[in-house]
Amino acid sequence: MSLEFEQFDKQFGARIQGLDENRVIDAQLVQELARGLSEHGVLLMRGEEISPKRLVELGNAFGELEILPEPDKRHPDHPEIFDLTNVRKDGNVVDFEEPQAVFLRGTERWHTDSSFREIPCLCTMLYAVEVPDSGGETQFANMYAALEQLPLDLRSVVQGKRLIHSYVFSRANNPGRMDPMSPEDEAQYPPVSHPWVRTHSDGRQSLYMGGHVSHVEGMDLDEGRELIEQVLAAATKPELIYEHQWMDYDLVIWDNRSTLHRLRPYDIASRRRVMRRITVAGNEPVS
Ligand code: OGA
Ligand code: MN
């Protein structure tokens with residue numbers, strides 16, 4: 001049986017039907033999912049309990065999985081799973097200012113995952129184990145539509161420009177104090193340069209930017225930052241956004257090549273939000 005994709009409003013995002021736990025993960029399924037992902041940008045699978053093992057299997061079928069830079073957040077049995085949680089290892093919820101909370105709050109900035117890599121990731125899969133009843137939504141913005149609808153004067157300015165993305169930069173600019181990164185780890189993540197307008201393998205173009213960006217290559221710093229803010233504001237206007245309201249057992253897969261996302265604030269120091277994330281490595285440089 002083929003998968004079905006039920007589109008959300010605004011022609012952005014879709015719900016997947018037909019992928020229950022008995023469905024064998026084979027090449028045909030992955031091809032259908034990959035096509036759905038390119039077409040819709042964000043995919044939702046609702047109400048299926050997914051074990052950590054099955055999550056890793058699903059990710060592996062898509063491609064190699066990234067191991068994230070923050071070793072203390074890796075799932076004990078599956079290092080490919082990133083435990084994205086405000087519950088400490090001692091079982092209590094974090095304090096607002098502690099590094100674990102600061103890290104999570106860092107994802108409240110618009111970004112695309114792992115854009116700081118020379119070959120950034122393809123997609124992220126985020127599975128909800130436990131979510132607060134309000135707050136903690138995730139918003140996604142469609143960067144194909146953002147480029148298409150960008151005012152012409154801005155479009156001509158960004159065309160041909162490159163942005164510098166850096167993990168060390170974005171981590172240092174998190175909204176509070178983080179544990180220091182070792183010099184060896186920092187050396188593993190040197191700044192990289194990617195075109196601001198990305199051309200995908202099917203020829204379509206989108207904006208490619210977000211919170212790991214430190215500056216515009218070859219441009220005065222302040223002038224570049226101002227330009228980034230202007231473009232980001234246009235690229236994340238409400239018409240371009242899908243806001244996901246989580247339910248337990250939701251799996252959301254998003255295309256990091258062509259979307260931005262951000263976490264919406266929630267009462268991080270008292271409500272539990274427990275998610276498992278895997279990140280599928282990219283298979284082509286940004287061009
Ligand atoms: C992330 C992220 C969003 C969320 O893990 O990179 O952006 O809703 N998470 O938790
Ligand atoms: Mn993210």
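Me: Contact here means heavy atoms within 4.5 Å. The model is predicted. On that cut-off, what does Met275 touch, leaving out residues up to four places away in sequence?

Reply: Met275 touches Phe82, Asp83 and Leu84. Also touched are Leu126, Tyr127, Ala128, Val129 and Val131, along with Trp246.

Me: Which residues have the most contacts inside the largest nonpolar core?

Reply: They are Val42, Leu84, Phe103, Phe140, Trp246, Val252 and Met275. The core has 30 residues. Two or more residues each come from β3 (42–45), β4 (82–85), α3, β5 and β13 (251–255). Helix α3 gives the most, with 4 residues.

Me: What makes a set of residues a nonpolar core?

Reply: Its members must be buried, be of the kinds Ala, Val, Leu, Ile, Met, Phe, Trp, Tyr or Cys, and be joined through side-chain atoms within 4.5 Å. In soluble globular proteins, nonpolar side chains tend to be buried together.

Me: What makes α3 a mostly covered helix?

Reply: The count of buried residues does: 7 of the 8 in α3. They are Pro99, Ala101, Val102, Phe103, Leu104, Arg105 and Gly106. These buried residues pack against β4, α6 (167–172) and β14.

Me: Why is Leu147 called buried?

Reply: Buried means under 20% relative accessible area. Leu147 has 2% relative accessibility, so it counts as buried. Leu147 lies in helix α4 (residues 143–148). Beyond its neighbours within four places in sequence, Leu147 is in contact with Arg155, Val197, Gln205, Ser206 and Leu207.

Me: Why is Gln11 called exposed?

Reply: Exposed means over 50%. Gln11 is at 59% relative accessibility, so it counts as exposed. Gln11 sits in the loop between β1 (4–7) and β2 (14–17).

Me: What is the sign of phi at Gln11?

Reply: Phi is positive, about 55 degrees, although Gln11 is not a glycine. Most residues other than glycine have a negative phi. Ser114 also has a positive phi of about 55 degrees and is not a glycine either.

Me: Is Ser114 buried or exposed?

Reply: The limit for buried is under 20%. Ser114 has a relative accessible area of 2%, so it is buried. Ser114 is found in the loop between α3 and β5.

Me: What makes His111, Asp113 and His261 donors of the manganese ion (ligand 2)?

Reply: A donor here is an N, O or S atom within 2.8 Å of the metal. The NE2 of His111, the OD of Asp113 and the NE2 of His261 lie 2.1 Å from the manganese ion, so they meet that cut-off. Water is not among the atoms, so the site may look incomplete.

Me: How are these donor residues spaced in sequence?

Reply: The spacing is H-x1-D-x147-H. Asp113 is in the loop between α3 (99–106) and β5 (123–130), while His261 is in strand β14 (residues 259–263), 148 residues apart. The pair thus links distant parts of the chain. Asp113 and His261 are buried.

Me: Why are α1 and α2 called roughly perpendicular?

Reply: Angles of 65 to 115 degrees count as roughly perpendicular. The axes of α1 (residues 27–40) and α2 (residues 52–62) cross at roughly 80 degrees and come within 10 Å. The two helices are therefore roughly perpendicular to each other. Helix α1 makes the contact with Val30, Leu33, Ala34 and Leu37, and α2 with Leu58, Ala61 and Phe62.

Me: How do these contact residues divide into nonpolar, polar and charged?

Reply: The contact of α1 with α2 has 7 nonpolar residues, no polar and no charged. Ala, Val, Leu and Phe are among the kinds that count as nonpolar.

How values were computed. Residues numbered from 1 in each chain as written. Chains lettered and ligands numbered in written order. Predicted model: local features only at pLDDT ≥ 70, side-chain atom pairs only at ≥ 80, totals over all residues. Heavy atoms only, no water. Axes fitted to C-alpha atoms, helices over the stretch in contact; angles between N-to-C directions. Parallel < 35°, antiparallel > 145°, perpendicular 65-115°, else oblique. Donors = N, O, S within 2.8 Å, 3.2 Å for Na, K, Ca; no water. Buried < 20%, exposed > 50% of the residue type's maximum accessible area, 1.4 Å probe, protein only.
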